[in-house]
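Got your viewer open? Load the model, get comfortable with the selection tool, and follow along stop by stop.

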Amino acid sequence: MKLEKIKEIANAVLYEGYLLYPYRHSAIKNRQRWTIGIVYPRVYSEANGKIDPWQMRTECLIARQSNQETTLNINVRFLHLLLRTAMQPATIQGQPNPAYNSEWSLAGRMVQEPHEEGIERDMPIEDISLSALVEQPRVVTIAFPGQEIVEEDVKREQLPISGAIRLSAEALSKDLYKLRVEIENTTPDFKVSTGRYNEILLQSFVSTHTLMQVQQGHFISLLEPPEELEEAAQGCQNLKTWPVLVGDEGETDTLLSSPIILYDYPQIAPESPGQLFDGTEIDEILTLRILTLTDEEKEQMRQGDERTRELLALTEALTPEQFMQLHGTIRSMKPVDEGE
């Protein structure tokens, strides 16, 4: 499978729950939509009894090709949240701004309800020698600065985050290795005293997952390992993540370590019209529901970020033929045994 298709699957994980139907930030289900793959700051985690994890760990098996130098490309990916606030003046030419003071108006709700948006963060680490990791673990620093962006009547604030990616490997036999990828959030936590969940998310890694590719070797399925490797597979201890093979059926050179439980070789339905942010729903139902939103509700979608606007535009542009493709698709058929 081409890397672009694999990235589509990884992005479905990255944006799972990003914004749920009815796709309005005022909806109750979108008040706390960040629920998967969260790696919290260590200080916050330890202050709360480590209930909220500050680490994510992937362990997997790699079979090396004999007498070949096995290398890896690893990409740790997550969302770095920012707080979006619509700034409306309280007065216009000395008079109260009706939009600002109207509790039920669209503009009034936009003013009163700041909300989070996500920025993709990619940490690619390329051409890693597997044998070198056995000899010497490697640490890669995570560091993204804070920023404040003001555009017309919108302010976006992003807090700095920091951490580390720790890579190590262990030889289990002549050509079998255990790879370990640990992700840590060591962001100094300035808001631990407030105890406000949404604030700490601005300093967390959200929807964290790891994409790995191997050259001159192959990954072993942890879900269905060969019988002789079952014990080694059971010895892989994964924390808050589940590694599965991705690609075309039978390919073993790419692994996705996902905070969502998946089977080997997950696929994006070819009929899917685009990213709907909810992999547990049916595309046909979601697209039809979007089209039934009122004009005001659609306007509130447009007032969101670029991904939400793209979703609305894509849905409204669907042709009748594309809708029909979403309805009643059969993936495969097999004969029923006579004894059934």
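Start by selecting four helices: α1 (3–14), α8 (283–291), α10 (306–316) and α11 (320–326). Each of them supplies at least two residues of the lining of the largest pocket. Keep in mind as you go that this is a predicted model. Which helix gives the most to that lining? Colour α1, since α1 comes out on top with six residues.

Now fill in the pocket itself. The largest pocket has a volume of about 1200 Å³, and 40 residues line it. To put yourself in the middle, pick A12, I268, A269, S272 and G274, the lining residues closest to its centre. Then colour the lining by residue class: you should get 17 nonpolar, eleven polar and twelve charged residues. If you wonder how such a space is found, rolling a probe the size of a water molecule over the atoms shows where empty space is left.

**Next stop: the rings**

The model has eight aromatic pairs. Select Y15 and Y18 to see one of them: the ring centres are 5.3 Å apart and the planes stand at 75°, so this pair is edge-to-face. Are these two residues buried or exposed? Both Y15 and Y18 are buried, with Y18 at 1% relative accessibility.

Keep Y18 selected and add W34. Here is another edge-to-face pair, with 5.4 Å from centre to centre and 80° between the planes. Y18 and W34 both sit in the loop between α1 and α2 (42–47), yet they are 16 residues apart, and the pair links distant parts of the chain. W34 is buried too, with a relative accessible area of 4%.

Add F277, and you can see the cluster that ring pairs build from Y15, Y18, W34 and F277. F277 comes from the loop between β14 (254–258) and α8, and at 2% relative accessibility it counts as buried. Check the backbone of F277 while you are there: its phi is near 70°, a positive value in a residue other than glycine. For context, most residues other than glycine have a negative phi, and most peptide bonds are trans.

Speaking of peptide bonds, move to Y21 and P22. The bond from Y21 to P22 is cis, with omega near 15°, and P22 lies in the loop between α1 and α2. What sits over the ring of Y21? Show R289, and you'll find its charged end there, 5.4 Å from the ring centre.

**Over to the strands**

Select strand β2, residues 71–86. Of its 16 residues, 14 are buried, so the strand is largely enclosed by the rest of the structure. Which strands does it pair with? Let's take them in turn.

- Select β5 (residues 115–129): 13 bridges join it to β2, and the two run antiparallel. For a landmark, find F78 opposite R121 in β5.
- Select β11 (residues 206–215): it pairs with β2 in the antiparallel sense over eight bridges. Here I74 has M212 as its bridge partner.
- Select β8 (residues 154–158): four bridges join it to β2, again antiparallel. Look for T85 opposite K155, and for L83 opposite E157.

Before leaving β5, click on D127, which lies in that strand. Its phi is near 55°, a positive value in a residue other than glycine. Is D127 buried or exposed? At 63% relative accessibility, D127 counts as exposed.

**Last stop: β8 and its hairpin**

In a regular strand the side chains alternate between the two faces of the sheet. Show the side chains of β8 with that in mind: V154, R156 and Q158 make up the covered face, while K155 and E157 make up the uncovered one.

Finally, bring in β7 (residues 147–151), which pairs with β8 in the antiparallel sense over five bridges. Q147 and Q158 are bridge partners here. How many residues lie between β7 and β8 in their hairpin? There are two, and E152 in the turn has a positive phi of about 55°.

Terms used. Residues numbered from 1 in each chain as written. Heavy atoms only, no water. Buried < 20%, exposed > 50% of the residue type's maximum accessible area, 1.4 Å probe, protein only. Pairing = 2+ DSSP bridges. 1 Å grid on protein atoms, 1.4 Å probe; cavity = no way out; pocket = protein on both sides within 12 Å on 5 of 7 lines; lining within 4 Å. Points joined across faces, edges and corners; volume = space filled by probe spheres on them. Nonpolar A, V, L, I, M, F, W, Y, C, P; charged D, E, K, R; others polar. Phe/Tyr/Trp six-rings, centres within 6.5 Å; stacked < 30°, edge-to-face > 60°. Lys NZ or Arg CZ within 6 Å of the ring centre and 35° of its normal.
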